[in-house]
Each structure stands twice: as structure tokens, then as C-alpha cells.
Amino acid sequence: MKKTGLYFGTFNPIHIGHLVIANHMVEFSELDEVWFVITPQSPFKTKQSLLDNHHRYQMVFEAVHDYPKLKPSKIEFNLQQPNYTIHTLAHLDEKYRYEHKFSLIMGEDNLKGFHKWKNYEAILENYSIYVYPRISNGDLEHQFKNHPKIHHVDAPSMEISSTFIRKQHHLGKNVRPMLPERVWKYMDEMNFYR
Ligand SMILES: Nc1ncnc2c1ncn2[C@@H]1O[C@H](COP(=O)(O)OP(=O)(O)OP(=O)(O)O)[C@@H](O)[C@H]1O
Ligand SMILES: O=C(O)c1ccc[n+]([C@@H]2O[C@H](COP(=O)([O-])O)[C@@H](O)[C@H]2O)c1
């Protein structure tokens with residue numbers, strides 16, 4: 001069975017912050033591979049300036065071009081929206097029961113709000129979570145401290161956000177170094193976020 005880490009996000013667009021984390025996970029944790037799961041509609045986010053699913057998928061596809069252990073996943077494209085992670089996990093387990101053992105990858109910021117996720121107790125009971133450091137406000141809930149299913153991985157953190165990239169690109173600023181080269185090219189050619 002392959003140990004597969006699932007990195008969920010809107011990836012609007014994917015940037016080098018995401019890529020550094022995913023690559024660090026496959027190189028320095030026991031995960032064999034990481035799937036970027038492109039979420040059509042995150043439960044707590046509005047759809048503002050969200051590119052079509054297939055364009056966000058294509059940018060992830062371009063980003064992982066030279067990384068055989070990293071893969072884009074469109075598993076959520078045909079699932080009910082908003083996309084609750086617990087439903088996606090159930091779907092994946094049914095589909096890949098004998099091939100993959102799934103776990104989650106999330107930043108410390110997301111772990112702080114994890115108690116608000118749908119059926120988070122069931123997620124924790126059945127899946128490991130690999131957490132990377134991310135600067136954020138607020139405290140970690142006591143229940144998530146020293147939890148046997150939560151593994152902290154000391155990945156380098158880069159404070160880049162997709163929101164910043166979209167906004168600055170729209171204003172005509174050069175955001176090229178924050179994106180994998182192939183993503184930048186695709187985004188530029190397609191005139192996204194102008
Ligand atoms: N620079 C970064 N380093 C590490 N993790 C990040 C970084 N940027 C975003 N993430 C995390 O990666 C996951 C997927 O990213 P997502 O595209 O949903 O968010 P984002 O980059 O913050 O986008 P937006 O700015 O559009 O809200 C989220 O859990 C988010 O917290
Ligand atoms: O399942 C939930 O209740 C849930 C609530 C919030 C977020 N998520 C997942 O976490 C991913 C990152 O969330 P966000 O809002 O930080 O982009 C998002 O793409 C969803 O797959 C899931």
C-alpha cells in the first residue's frame with residue numbers, strides 16, 4: 001500500500017509555498033507521494049475570483065511536471081459542494097481501499113480551526129495528519145496537542161498567498177518568482193487574474 005498524503009486547497013493559483021511543503025513531505029516524512037486535491041468549493045470560502053476547476057487543475061499539473069511523487073487530483077470535481085473533506089476521504093477510501101493509505105497534510109493555521117470542520121473527530125480517528133509550521137494567530141486546541149495521530153513536520157515556511165499573487169498580478173507587479181515557471185507561463189498566456 002502506498003502512503004499517500006492529501007494536500008487540499010483551492011490552488012487559485014498553486015504557488016511555490018505549496019510546492020515546497022509537498023516536496024518536503026515526500027522527502028522528509030514517511031509519505032510515499034502527495035496528491036494536490038483541487039477543491040471546487042471550500043466550505044469556509046466565498047467563490048470570489050475563483051478560476052474554473054480545470055484551469056486550477058491545469059496549473060497544479062504544470063507545477064508538478066518534474067516531480068514524479070507529486071500528483072494533481074480532480075477527485076472532488078464530481079462530489080457535492082461545498083466540499084467537506086470527510087466526504088472526499090470516504091469516497092477515496094472506497095475507490096482505492098487496497099492501493100493507498102491516505103493521510104492529510106495541513107498547516108498549523110488550519111489545525112487551529114480544525115475543530116470547526118465537519119466530523120473532525122471521525123477524520124482524526126481514521127487518518128493521520130501531517131502538520132507543517134505556519135505563522136498564524138490564536139492557540140492550538142488542547143485536544144490537538146500531543147495527539148498520537150498528529151505528526152509535526154518541520155518544513156520550511158514561506159509566507160506567500162494566492163490572494164497576494166492574484167492581487168499584485170492584477171496591478172501589473174511581477175509575481176513570477178513566487179510561481180513555478182510553468183505555472184507562471186500558463187497563467188500569463190491565459191491572461192488569468194488580469
Ligand atoms: N505559503 C504557504 N505555505 C504553506 N501553506 C500554505 C501557503 N499558502 C497557503 N497554504 C495552505 O495550503 C492550503 C491550500 O492553499 P489554498 O490555495 O487553499 O490557500 P491560499 O494560498 O491561502 O489561497 P488564498 O489566498 O486564495 O486564500 C491551505 O490549507 C493553506 O492554508
Ligand atoms: O471538511 C471541512 O469541514 C473543511 C472545512 C474547511 C476546509 N476544508 C478543506 O481544507 C482545504 C483548505 O482550506 P482553506 O479554506 O484554508 O483553503 C479546503 O480546500 C478544504 O478541502 C475542509
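**Ligand shells and the parallel strands of the predicted model**

Helix H1 contributes three residues to the shell around ligand 1, the largest share. The structure described here is a predicted model. In total, 19 residues surround ligand 1, and the closest of these are Gly9, Gly17, Ser161, Ser162 and Thr163. Two or more residues of this shell are supplied by each of helix H1 (16-28), strand E4 (100-107), helix H4 (108-112) and helix H6 (162-170). Sorted by class, the surroundings of ligand 1 comprise eleven polar, five nonpolar and three charged residues.

A second shell was examined in the same manner. Ligand 2 has 15 residues around it, of which Phe8, Thr39, Tyr84, Thr85 and Trp117 come nearest. Strand E1 (2-9) and helix H3 (85-96) are the elements that give two or more residues to this shell. Its composition by class is seven polar, six nonpolar and two charged residues.

Attention then turned to the strands. Strand E2 (residues 33-38) is largely enclosed by the rest of the structure, because five of its six residues are buried. On one side of the pairing scheme, E2 is joined to E1 by six bridges in the parallel sense; within this pair, glycine 5 has valine 34 of E2 as its bridge partner. The connection from E1 to E2 passes through H1, and the resulting β-α-β crossover is right-handed.

E2 also runs parallel to strand E3 (residues 70-73), to which four bridges join it. Here valine 34 is partnered by leucine 70 of E3. Between E2 and E3 the chain passes through helix H2 (residues 53-63), again forming a β-α-β crossover that is right-handed. Valine 34 thus appears in both pairings, as bridge partner of glycine 5 and of leucine 70.

Helix H2 was considered in further detail. Its buried residues are Arg56, Met59, Val60, Glu62 and Ala63. When H2 is viewed down its axis, these buried residues fall within an arc of 160 degrees, and they therefore line one face of the helix. In general, an α-helix has 3.6 residues a turn, so residues three or four places apart point the same way. The cover over the buried residues of H2 includes H1, E2, E3 and helix H7 (181-189). Several of these elements recur from the preceding description: H1 also lies on the path from E1 to E2, and E2 and E3 are the strands that H2 connects.

Conventions
Residues are numbered from 1 along each chain as its sequence is written. Chains are lettered from A and ligands numbered from 1 in the order in which they are written. This is a predicted model: local features need pLDDT of at least 70, side-chain atom pairs count only at pLDDT 80 or more; totals for chains, interfaces and linings use all residues. A residue is near a molecule or strand if its C-beta atom, placed from the backbone, lies within 6 Å of it. Ala, Val, Leu, Ile, Met, Phe, Trp, Tyr, Cys and Pro count as nonpolar, Asp, Glu, Lys and Arg as charged, and the others, Gly among them, as polar. A residue is buried if 20 or more other C-beta atoms lie within 10 Å of its own, exposed if 12 or fewer, and partly exposed in between; C-beta atoms are placed from the backbone. Two strands pair if DSSP finds at least two bridges between them. A crossover is right-handed if, with the strands pointing away from the viewer, the path from the first strand over the helix to the second runs clockwise. The arc is that of the directions from the helix axis to the C-beta atoms. Two residues are in contact if their C-beta atoms, placed from the backbone, lie within 7 Å.
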